[in-house]
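Trainee: Before we discuss this model, could we look at it together and then go through its core, its sheet and its domains in turn?

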Amino acid sequence: MWRHFLFDIEGVICDDMDNANLKEMAVKLLERLKREGKRVSLVSNVSRKSRRFVFETLKLKGLPIELEEVFTAGYVAAKYIRDLGFKRCFVISEGGLREDLLELGLEPVDDESAEVVVIGTDRGLTYQRLNYAMRLVIKGRKLVCAGASTIFKGSYLGDAGYFMGESSIAEAIKHATKKEVEYVGKPHPRIFMEALNGEEPSNAVMIGDRPIPDVMGAKSLGMSTVLVGGERALGIKPDLVVSGLRELYEYLYP
Ligand SMILES: [Mg+2]
């Protein structure tokens with residue numbers, strides 16, 4: 001039996017972080033796991049909302065979770081940038097990533113003093129701002145992407161559906177500049193390592209709804225994987241497929 005349960009947030013714990021309606025059995029499953037002494041972490045590519053916002057929103061809905069158990073791409077990217085010794089960041093993002101950076105003592109700036117360019121998703125992004133980021137990268141600033149989603153589902157200013165994710169924005173800059181992007185988000189290892197915090201990956205299971213970020217990412221580190229829902233990808237085989245958290249609960253506690 002696994003000792004550490006890592007849950008994706010959007011599509012597994014709740015629909016999406018724009019509304020954050022909890023999925024059936026999310027509360028009951030996390031309560032049971034914790035009661036039995038299991039470690040629980042939430043691991044999400046979200047950076048449009050801050051780690052603190054994600055935590056407070058889910059907690060308010062009744063999910064038994066602590067701030068230290070939440071690992072969002074925005075928070076992990078901020079920690080990574082701080083650990084590299086950078087301070088001033090040019091940020092493309094809706095508010096969340098900016099809050100994560102400020103919380104870790106970094107300084108969002110909109111000028112040449114930026115030492116690094118950080119990309120989250122931004123549904124109000126202008127050409128001018130995207131272009132300014134590109135110029136900074138041409139001048140040698142490191143390009144970091146907080147998250148790795150190409151697209152995501154959400155709702156914004158009355159518009160609901162798929163939106164372009166942060167990696168699509170970062171790749172546009174990469175395409176223009178021929179520079180590399182440093183990804184901090186699933187399926188890349190850093191965010192999983194941060195959540196594992198030294199724990200042996202073979203004791204851990206990642207539960208997610210996307211084959212590539214969740215299943216492929218966690219498998220590459222040696223974790224077990226559970227795929228929730230109907231999405232499939234060629235050549236990616238999770239250890240278990242369930243329709244939802246109820247089925248996972250019944251598998252774990254028959
Ligand atoms: Mg998801």
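Trainee: Which residues touch the most other members of the largest nonpolar core, and which helix gives the most to this core?

Mentor: This is a predicted model, and its largest nonpolar core holds 72 residues, among which Ala77, Val117, Val118, Val184 and Ile207 touch the most other members. The core draws at least three residues from each of domain 1 (4-73 + 187-252) and domain 2 (75-184). With seven residues, the helix that gives the most to this core is α3 (residues 73-84).

Trainee: With which residues is Val184 in contact, leaving aside its neighbours within four places in sequence?

Mentor: Val184 is one of the residues that touch the most other members of the core, and Ala77, another of those residues, is in contact with Val184. Leaving aside the neighbours within four places in sequence, the full list for Val184 reads Ala73, Val76, Ala77, Tyr80, Val144, Cys145, Ala146, Arg190 and Ile191.

Trainee: In what order do the six strands form the open sheet, and why is one side of β3 and of β13 left without a neighbour in the sheet?

Mentor: The pairing in this open sheet is parallel, and the six strands follow the order β3-β2-β1-β11-β12-β13. Because β3 (70-72) and β13 (240-242) stand at the edges, one side of each lacks a neighbour in the sheet, and each has a single partner strand. From one strand to the next, the twist averages 20°.

Trainee: Over how many bridges do β2 and β3 pair, and what angle does the direction of α3 make with that of β3?

Mentor: Strand β2 (residues 39-44) pairs with β3 in the parallel sense over three bridges, and Ser44 stands opposite Thr72 in β3. Helix α2 (residues 51-60) packs on the sheet, touching β2 and β3, with its direction at about 135° to that of β3. Helix α3 also packs on the sheet and touches β2 and β3, and the angle between the direction of α3 and that of β3 is about 80°.

Trainee: How many residues of domain 1 are in contact with domain 2, and how do they divide into nonpolar, polar and charged?

Mentor: The centres of domain 1 and domain 2, taken over C-alpha atoms, are separated by 24 Å, and 21 residues of domain 1 are in contact with 24 residues of domain 2. On the side of domain 1 that touches domain 2, the elements that give two or more residues are α2, β3 and α7 (189-196). The residues of that side divide into seven nonpolar, six polar and eight charged.

Definitions and conventions. Residues numbered from 1 in each chain as written. Predicted model: local features only at pLDDT ≥ 70, side-chain atom pairs only at ≥ 80, totals over all residues. Core = buried A, V, L, I, M, F, W, Y, C linked by C-beta atoms within 7 Å. Buried ≥ 20, exposed ≤ 12 C-beta atoms within 10 Å, placed from the backbone. Helix = DSSP H or I, 4+ residues; strand = E, 2+ residues; numbered from the N terminus. Domains from an automatic or database assignment. Contact = placed C-beta atoms within 7 Å. Pairing = 2+ DSSP bridges. Axes fitted to C-alpha atoms, helices over the stretch in contact; angles between N-to-C directions. Nonpolar A, V, L, I, M, F, W, Y, C, P; charged D, E, K, R; others polar.
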